[in-house]
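Biologist: Please show me the chain and its model. I would like to ask about the fold and the core.

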Amino acid sequence: MAGILKVGGVPLATHSDSTAKVSLDTNVELPASQGSSLSLISTQTFSSVTSVSFQNCFSSTYNHYKLLMQADCTAHFWLQFFTTGTTAHTSNDYSSAIAGADDDGTDSRFAHKSSVAAWNLNNDSSGKNYVDMTIYNPNVATETYFNGLTTMKRSAGKFIANFMGGAVDISTSFTGFRVFANYYNTLVPALNLSGVISIYGTKQ
C-alpha cells in the first residue's frame with residue numbers, strides 16, 4: 001500500500017509498505033508562509049559612542065522584530081523609539097518591568113509605569129550585557145509590546161539574569177529606535193557604549 005506525506009497540501013514524500021522505505025522529493029519548495037521568516041535587517045558594531053540609532057528599520061514588511069545586543073556599559077541601557085527619521089518619541093508612555101536574580105540568589109527588580117520616555121533593558125551594569133528581546137508590531141498604530149531576557153555583569157565576580165517586558169501605551173507607529181546608556185531615570189545619552197546590535201524581522 002503506497003501513501004503520500006503532505007505538509008500544507010504540498011507532497012513531501014511517498015512510501016510503500018512492501019519496501020518499508022520513504023522517498024523524499026528534494027525538489028519540493030514550501031510556501032514562504034510555512035518556512036522560516038526571520039531575516040536580518042541591520043547590524044551595527046560600535047565603540048565608545050553615546051547612542052546607537054537604527055533608522056527606518058520597521059516597516060510593513062515584517063510584523064515583529066528580534067533585537068540581539070552585546071554591549072559594554074557602566075549604567076542602565078535604554079531603548080527609545082523614533083516616529084520618523086531620528087525624531088524620538090519622548091513622551092512618558094513607556095512602561096517596563098525587569099525581574100532577576102544575582103548568581104548568589106539575591107533578587108533584583110525595576111519597574112516603570114508610563115512614567116519615563118524609554119524602555120529600561122537592564123538593572124545597572126559594570127561590564128558586558130547580553131540582550132535578547134522581541135518587539136511586537138512597532139510599525140502599526142497600536143500599543144507596542146516587548147519581552148526578552150538579559151544577562152549581565154553586575155560587579156566584579158557577580159552576574160545577574162533577568163526577564164523583562166513592557167509596552168508603549170499609545171497608538172503610534174514607529175519607524176526605528178535608538179539605544180543609549182545613562183544612570184537610572186536619566187534619559188539623556190551620555191555614557192559610552194561599545195559592542196554590537198543586530199535587528200531581525202519576522203512575519204506572524
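Modeller: Accessible areas come from the Shrake-Rupley method with a 1.4 Å probe, and for residues only the protein chains shown count as cover. This is a predicted model, in which local features need pLDDT of at least 70, side-chain atom pairs count only at pLDDT 80 or more, and totals for chains, interfaces and linings use all residues. Residues are numbered from 1 along each chain as its sequence is written, and side-chain values use heavy atoms, with hydrogens and water left out.

Biologist: What share of the accessible surface belongs to carbon and sulfur atoms?

Modeller: The accessible surface of the chain comes to about 10400 Å². The part belonging to carbon and sulfur atoms is 52%.

Biologist: How many strands are in the chain?

Modeller: Strands are DSSP runs of E, at least two residues long, and helices are runs of H or I of at least four, both numbered from the N terminus. The chain has zero helices, and its strands number 16.

Biologist: Which strand gives the most to the largest nonpolar core?

Modeller: A nonpolar core is a set of buried (under 20% relative accessible area, 1.4 Å probe, protein chains only) Ala, Val, Leu, Ile, Met, Phe, Trp, Tyr and Cys residues joined through side-chain atoms within 4.5 Å. The largest one has 33 residues, and Met133 is among those that touch the most other members. Strands that each supply at least two residues include β7 (76–84) and β12 (128–136). With four residues, the strand that gives the most is β6.

Biologist: What is the average pLDDT of the chain?

Modeller: pLDDT is the predictor's confidence in each residue, from 0 to 100. A score of at least 70 is reached by 76% of the residues, and the chain average is 81.

Conventions. Buried < 20%, exposed > 50% of the residue type's maximum accessible area, 1.4 Å probe, protein only.
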